[in-house]
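Me: I should like to go through the terms applied to a protein model and see what each one rests on. Please set every value against its definition.

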Amino acid sequence: MKKINKTLLSNITILYVEDEKMISEEVSFFFKKYVKNFHVANNGLEGLELFKEVNPDILITDIQMPKMNGLELIKEIGSTSVPIIITTAYSDIDYFLKAIELKISKFVIKPINLITLISDVQDCIIDRHLQNKLFEKDNLLKIVDENVLLSITNKAGIIVDVSSSFCEFTKFKKDELIGESHNILRHEDTPDLFYKNMWKEISSGKKFSTEIKNRKKDGTVYYANLTITPVFKDDKIINYTAIRNDITDKKKLEQLIIEDDLTKLYNRRHFNTILNQEIRRVKRDNSTITLVSLDIDHFKKYNDTYGHPKGDDVLVKIGKVLKEHTSRSSDYAFRIGGEEFCLIFSGSKLQESLFYVQEVVNAVESLKIEHENSRNSKFVTISAGLIVQKAEEIINEDTLYKYSDIALYQAKVKGRNQVVLSEFSTKS
């Protein structure tokens, strides 16, 4: 648990906007032990008036409220350097998507963990450098050590110093980090090209900022906004300073929004986004796009025979097959709803696409999941409809999806457990 910095908190002004009285009272009681200037508003309209009156150092607001919700409040406030923390429930997905566009500093999920919230407040204050106005140098250095995820390396990328906050966060002791490179934190998903580009930037004297995925000592995955700044002496780089801002909770929320809860594939909402995005990219690159509609054969009969829990197991297993067959960065797998799935990939020729999708169909049957009431196999199978089009042939996303769906219907009519190529596919 991050240490509560009473000195820091006693010198700031917080405005808290929340319409649920019980939550508001609980948060207020906790914060007022540390924050002398803690102001509370019961809705967005009150919050707007109080904001103008008290000029807070940080704003904490609920996302859904009567009269004026949190997003409307933020828009009314307009461009400001004041950090904003949004409190939100998992059900507020549409609001959350809009909040991301407003570049909110932090998101806190209800029910509110008060220690997490006060830690987020401290992070925001540190990030905005308000400590420069509030503290003398010695206190400031102490605050940075206790609150900033900071590491310093030499020119070769070997760690020479880290903050105590960074040690606490990553679960490493200081002497375990010093003398090592940041590879000690590297996540296996991060490609070599990432580090090649990073070194190219920082060794040329430029600041490097990005989002990164790492692992703590205990294996826990975390996400951070990373900024690496070269340190110069006599016009030569002597060190690199790296500062991180933990965004793990935000990434988890984003994942919830785009992910199917059961199969962990992308969901229908994200399908619409990615299909549109990939069509634009294909047109820009003058490439090809492949869209595949997939359906589990006689899935209702399977559920009736074996029960819905077993049906869910089938969906999960097929989801794993689709994930294994979409390993490139330009490959996407989705659960559209029920027993329907979709695949999107680009840059492949027609015959390559056909072969690829037939592999997927074969892989599902090879799972050998018993399905005694299937009419076309002893095992669970899938049918697939495939459309492959060049950039100039694509009309829009709705038409492309319609073509793949028609091809899927034809695959079912022809006996299922097979792939059918749409007649609207490119001819060459």
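Reply: The questions below take up sheets, helix packing, burial and contacts in turn. This is a predicted model, in which local features need pLDDT of at least 70 and side-chain atom pairs count only at pLDDT 80 or more, while totals for chains, interfaces and linings use all residues. Residues are numbered from 1 along each chain as its sequence is written, and side-chain values use heavy atoms, with hydrogens and water left out.

Me: What makes S9 and S10 a pair of strands, and in which sense do they pair?

Reply: Strands are DSSP runs of E with at least two residues, helices are runs of H or I with at least four, and both are numbered from the N terminus. Two strands pair if DSSP finds at least two bridges between them. Strand S9 (residues 221-233) and strand S10 (residues 236-246) have 10 bridges in the antiparallel sense, so the criterion of at least two is met. Thr229 stands opposite Thr241 in S10.

Me: Which strands flank S10 and S6 in the sheet, and what is the order?

Reply: The order is S7-S6-S10-S9-S8, an open sheet of 5 strands with antiparallel pairing. Strand S6 (residues 149-154) pairs with S10 over 6 bridges, and Ser151 stands opposite Ala242 in S10. S6 is also joined to S7 by 3 bridges, again antiparallel, with Ile152 opposite Asp161 in S7. S6 and S7 form a hairpin with 4 residues between them, and Gly157 in the turn has a positive phi of about 85°.

Me: Why are S7 and S8 described as standing at the edges?

Reply: Strand S7 (159-162) and strand S8 (208-215) each have a single partner strand, so one side of each is left without a neighbour in the sheet. Neighbouring strands of this sheet are turned by 30° against each other on average, direction ignored. Helix H12 (residues 248-258) packs on the sheet and touches S8, S9 and S10, its direction making about 135° with that of S9.

Me: What is the order of the sheet that contains S12, and how are its strands paired?

Reply: This open sheet of 5 strands has the order S12-S13-S11-S14-S15, with mixed pairing. Its edge strands are S12 (332-337) and S15 (419-421), each pairing on one side only. The average turn between neighbouring strands of this sheet is 20°, direction ignored. S12 and strand S13 (residues 340-346) run antiparallel and are joined by 5 bridges; Tyr332 has Ile344 as its bridge partner in S13.

Me: Why are H13 and H17 called roughly perpendicular?

Reply: Two packed helices are described by the angle between their axes and the distance between the axes. Axes are lines fitted to C-alpha atoms, for helices over the stretch in contact, and angles run from 0 to 180 degrees between N-to-C directions. Helix H13 (residues 268-285) and helix H17 (residues 397-413) pack at about 110°, with their axes 10 Å apart. Angles under 35 degrees count as roughly parallel, over 145 as roughly antiparallel, 65 to 115 as roughly perpendicular and the rest as oblique. H13 and H17 are therefore roughly perpendicular to each other.

Me: What makes H2 and H6 oblique?

Reply: Helix H2 (residues 21-31) and helix H6 (residues 114-127) pack at an angle of about 60°, with their axes 11 Å apart. That value makes H2 oblique to H6.

Me: How do you know that Cys124, Cys342 and His298 are buried?

Reply: Buried means under 20% relative accessible area, exposed over 50%, and partly exposed in between (1.4 Å probe, protein chains only). Cys124 has a relative accessible area of 3%, Cys342 has 0% and His298 has 12%, so each counts as buried. His298 lies in the loop between strand S11 (288-296) and helix H14 (299-306).

Me: What is in contact with Ala41, and what does contact mean?

Reply: Contact means heavy atoms within 4.5 Å. Leaving aside neighbours within four places in sequence, Ala41 is in contact with Tyr16, Val17, Glu18, Glu46, Gly47 and Leu50. Ala41 and Tyr16 are 25 residues apart in sequence and 6.3 Å apart in space, C-alpha to C-alpha. Ala41 belongs to strand S2 (residues 37-41) and is buried, at 0% relative accessible area.
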